[in-house]
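Biologist: Before I trust the labels on a model, I like to ask where each one comes from. Could we go through this one together?

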Amino acid sequence: MANKKNITRVLISIIFIAYGVSAVLAAIKSLLLLQLIAVLGCTLGILMFITGILGILHTKIKVCRILGVIICILSALKFALALVSGTFAVDCLVQALLAWTYFDCT
């Protein structure tokens, strides 16, 4: 069971790194417009990147769990903000669910 959790943590860490890099690159352009969603996306991307690196390096589990909860909350907030603006941001929902799975497997 522990081996399955390690594999899941590493796979989600890799996904977090990919999401983090792409979110930061996409948010830089929108950040110049000073949009709340862009700032939230940039923060979320940085947190996901850091959490992914920490998860691969097997650093402190408490830190990874706390970051997972923060990512889940920020992703859900970003999803809600996108819903209010009239779009259905599936990526934000997936990020929130991945963060919850990450929290659950660590």
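Modeller: Happily; here is a conversation about the labels used for this predicted model.

Biologist: Let's begin with the overall fold. What makes the pattern of the protein chain α-α-α-α?

Modeller: There are 4 helices and 0 strands in the chain, and reading along the sequence gives α-α-α-α. As for the contacts between residues at least 6 apart in sequence, 69% of them join residues at least 24 apart.

Biologist: And how much of the protein chain counts as buried?

Modeller: Of the 106 residues, 38% are buried. The accessible surface is about 6,300 Å², and carbon and sulfur atoms account for 77% of that.

Biologist: Now the interior. Which residues have the most contacts inside the largest nonpolar core?

Modeller: Phe16, Met48 and Ile71 do, in a core of 17 residues. Helices H1 (2-31), H2 (36-56), H3 (61-84) and H4 (90-105) each supply at least two residues of this core. In soluble globular proteins, nonpolar side chains tend to be buried together.

Biologist: What does Ile71 touch, leaving aside neighbours within four places in sequence?

Modeller: Ile71 is in contact with Phe16, Leu44, Leu47, Met48, Thr51 and Ala99.

Biologist: On to the packing of helices. Why is H3 called roughly antiparallel to H4?

Modeller: Their axes cross at roughly 160 degrees and come within 8 Å. Angles over 145 degrees count as roughly antiparallel, so H3 and H4 earn that description. Their crossing is left-handed. Among the residues making the contact are Cys64, Gly68, Cys72 and Ser75 of H3, and Cys92, Ala96, Ala99 and Tyr102 of H4.

Biologist: How do you know how H2 and H3 are oriented to each other?

Modeller: The same reasoning step applies: the cut-off for roughly antiparallel is over 145 degrees. H2 and H3 pack at an angle of about 155 degrees, with their axes 10 Å apart, and are therefore roughly antiparallel. H2 also passes H3 in a left-handed crossing. The residues that meet there include Leu40, Leu44, Leu47 and Met48 in H2, and Leu67, Ile71, Leu74 and Ser75 in H3.

Biologist: Ser75 has come up at both helix pairs. Is Ser75 buried or exposed, and what makes it so?

Modeller: Buried means under 20% relative accessible area. Ser75, in helix H3, has 0%, so it is buried. Beyond residues up to four places away in sequence, Ser75 touches Leu44, Cys92, Gln95 and Ala96.

Biologist: What about Tyr102: how do you know which class it belongs to?

Modeller: Tyr102 is in helix H4. The value is 0%, and with the cut-off for buried at under 20%, Tyr102 counts as buried. Its contacts, not counting residues up to four places away in sequence, are Arg9, Ile12, Ser13, Phe16, Thr51, Gly55 and Cys64. The C-alpha atoms of Tyr102 and Cys72 are separated by 9.6 Å, with their places 30 residues apart along the chain.

Biologist: Why is Phe103 given the class it has?

Modeller: Phe103, also placed in helix H4, has a relative accessibility of 22%, which falls between the limits of 20% and 50%, so Phe103 counts as partly exposed. Phe103 touches Arg65 and Val69, again not counting residues up to four places away. Phe103 and Ile71 lie 32 residues apart in sequence, and their C-alpha atoms are 9.8 Å apart.

Biologist: And what makes Cys105 buried?

Modeller: Cys105 has a relative accessible area of 10%, and buried means under 20%, so the label follows. Cys105 is in helix H4. Setting aside neighbours within four places, Cys105 is in contact with Lys5, Thr8 and Arg9. Cys105 and Ile7 are 98 residues apart in sequence, yet 9.6 Å apart from C-alpha to C-alpha.

Biologist: One last label. Why is Ile15 called partly exposed?

Modeller: Ile15 is in helix H1. With 34% relative accessible area, Ile15 sits between the limits of 20% and 50%, so it is partly exposed. The C-alpha atoms of Ile15 and Met48 are separated by 8.8 Å, and the two residues are 33 apart along the chain.

How values were computed. Residues are numbered from 1 along each chain as its sequence is written. This is a predicted model: local features need pLDDT of at least 70, side-chain atom pairs count only at pLDDT 80 or more; totals for chains, interfaces and linings use all residues. Side-chain values use heavy atoms; hydrogens and water are left out. A nonpolar core is a set of buried Ala, Val, Leu, Ile, Met, Phe, Trp, Tyr and Cys residues joined through side-chain atoms within 4.5 Å. Buried means under 20% relative accessible area, exposed over 50%, partly exposed in between (1.4 Å probe, protein chains only). Contact means heavy atoms within 4.5 Å. Accessible areas come from the Shrake-Rupley method with a 1.4 Å probe; for residues, only the protein chains shown count as cover. Axes are lines fitted to C-alpha atoms, for helices over the stretch in contact, and angles run from 0 to 180 degrees between N-to-C directions. Angles under 35 degrees count as roughly parallel, over 145 as roughly antiparallel, 65 to 115 as roughly perpendicular and the rest as oblique. A crossing is left-handed if the near helix is turned anticlockwise from the far one by less than a right angle, and right-handed if clockwise.
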